[in-house]
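Here's a quick briefing for anyone opening this one for the first time. Have a look at the picture, then work through the points below.

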Amino acid sequence: MFKHVLVALDGSAYSEVALPTAIDVAKKFGADLFVLHVAEHDRGRAVVYTLETPAEATKLVGDAVKTARDAGVVAKGELRDVAVSHVAKAIVDTAAANEIDLIVMGSRGLSDIQGLLLGSVTHKVIQLAHVAVLVTRGPIPVKAEAEKPALTAVAATA
């Protein structure tokens, strides 16, 4: 059913739940895993600046790819840099360019306040994607760490 799975990570506790879910799905279907982190940059008056260091972003992707490979999943990663508010489009465009069958992501990310005002990145991906989107719930409360996170599957259709 799924041959190519993309997991979108942003470093939040919510996306940390998405990675093991994506690995489980990839293992179940014998799919490969594409780890994606989209770094945002913003424009100041005289300079363009990123909202995180390149080293942090690279480490996030590298660690996730290593985790997937250690679990026996064929995985590769990519780091993209886009202007603020273009993350969802970058995720969907990357999925289309890599023939992704399923996008896995957390229910919320680092921009919780912006999500309340403008709609979350996850919500935008669900609206824009032409493939299934699996939304993981989290983060896992400390006392429930042994339990698996509840999943909400949303299929996006064209």
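Start with the strands: β1 and β5 run parallel and pair over three bridges. Keep in mind that this is a predicted model, with an average pLDDT of 83 across the protein. From that strand pair, we'll move out to the cores, then the salt bridges, and finish with how far to trust the model.

**Strand β5 and its partners**

- In the pairing with β1, valine 5 sits opposite leucine 102 of β5.
- β5 also has a parallel partner in strand β6 (residues 132–136), and five bridges join these two.
- Over there, isoleucine 103 stands opposite valine 133 of β6.
- Is β5 buried or exposed? Five of its five residues are buried, so the rest of the structure largely encloses this strand.
- Both of its faces are covered: Leu102, Val104 and Gly106 are buried on one side, and Ile103 and Met105 are buried on the other.

**The nonpolar cores**

- The largest nonpolar core holds 22 residues, and the members that touch the most others are Val5, Val7, Leu19, Leu33, Val35, Leu102 and Val104.
- Which elements feed this core with at least two residues each? They are β1 (4–8), α1 (13–29), β2 (32–43), α2 (54–70) and β5 (102–106).
- Helix α1 gives the largest share, with six residues.
- There's another core apart from this one, made of 20 residues, including Val92, Val125, Ala129 and Val133.
- For a close-up, try valine 104: leaving aside neighbours within four places in sequence, its contacts are Val5, Leu6, Val7, Ala8, Ala18, Thr21, Ala22, Leu134 and Thr136.

**Salt bridges**

- How many salt bridges does the structure hold? There are three.
- One links the side chains of aspartate 63 and lysine 59, at 2.6 Å from N to O.
- Both of those residues belong to helix α2, and they lie four residues apart, about one turn of the helix.
- Aspartate 63 counts as partly exposed at 38% relative accessibility, while lysine 59 is exposed, with a relative accessible area of 51%.
- Another joins aspartate 70 to lysine 66, with 2.8 Å between the closest N and O atoms.
- This pair is also in helix α2, four residues apart, which puts about one helical turn between aspartate 70 and lysine 66.
- Aspartate 70 is exposed, with a relative accessible area of 58%.
- Over in helix α3 (residues 87–97), aspartate 93 and lysine 89 are again four residues apart, about one turn of the helix.
- Their side chains meet in a salt bridge of 2.7 Å, N to O.
- Both ends are partly exposed: aspartate 93 has a relative accessible area of 35%, and lysine 89 comes in at 47% relative accessibility.

**How far to trust it**

- Across the protein, 74% of the residues score a pLDDT of at least 70.
- Which element has the highest mean pLDDT, and which the lowest? Strand β1 takes the top spot at 98, and helix α4 (residues 112–118) has the lowest value, 48.
- Where pLDDT is low, don't read the predicted coordinates in detail.

Conventions:
Residues numbered from 1 in each chain as written. Predicted model: local features only at pLDDT ≥ 70, side-chain atom pairs only at ≥ 80, totals over all residues. Heavy atoms only, no water. Core = buried A, V, L, I, M, F, W, Y, C linked by side-chain atoms within 4.5 Å. Buried < 20%, exposed > 50% of the residue type's maximum accessible area, 1.4 Å probe, protein only. Contact = heavy atoms within 4.5 Å. pLDDT = per-residue confidence, 0-100. Salt bridge = Lys/Arg side-chain N within 4 Å of Asp/Glu carboxyl O. Pairing = 2+ DSSP bridges.
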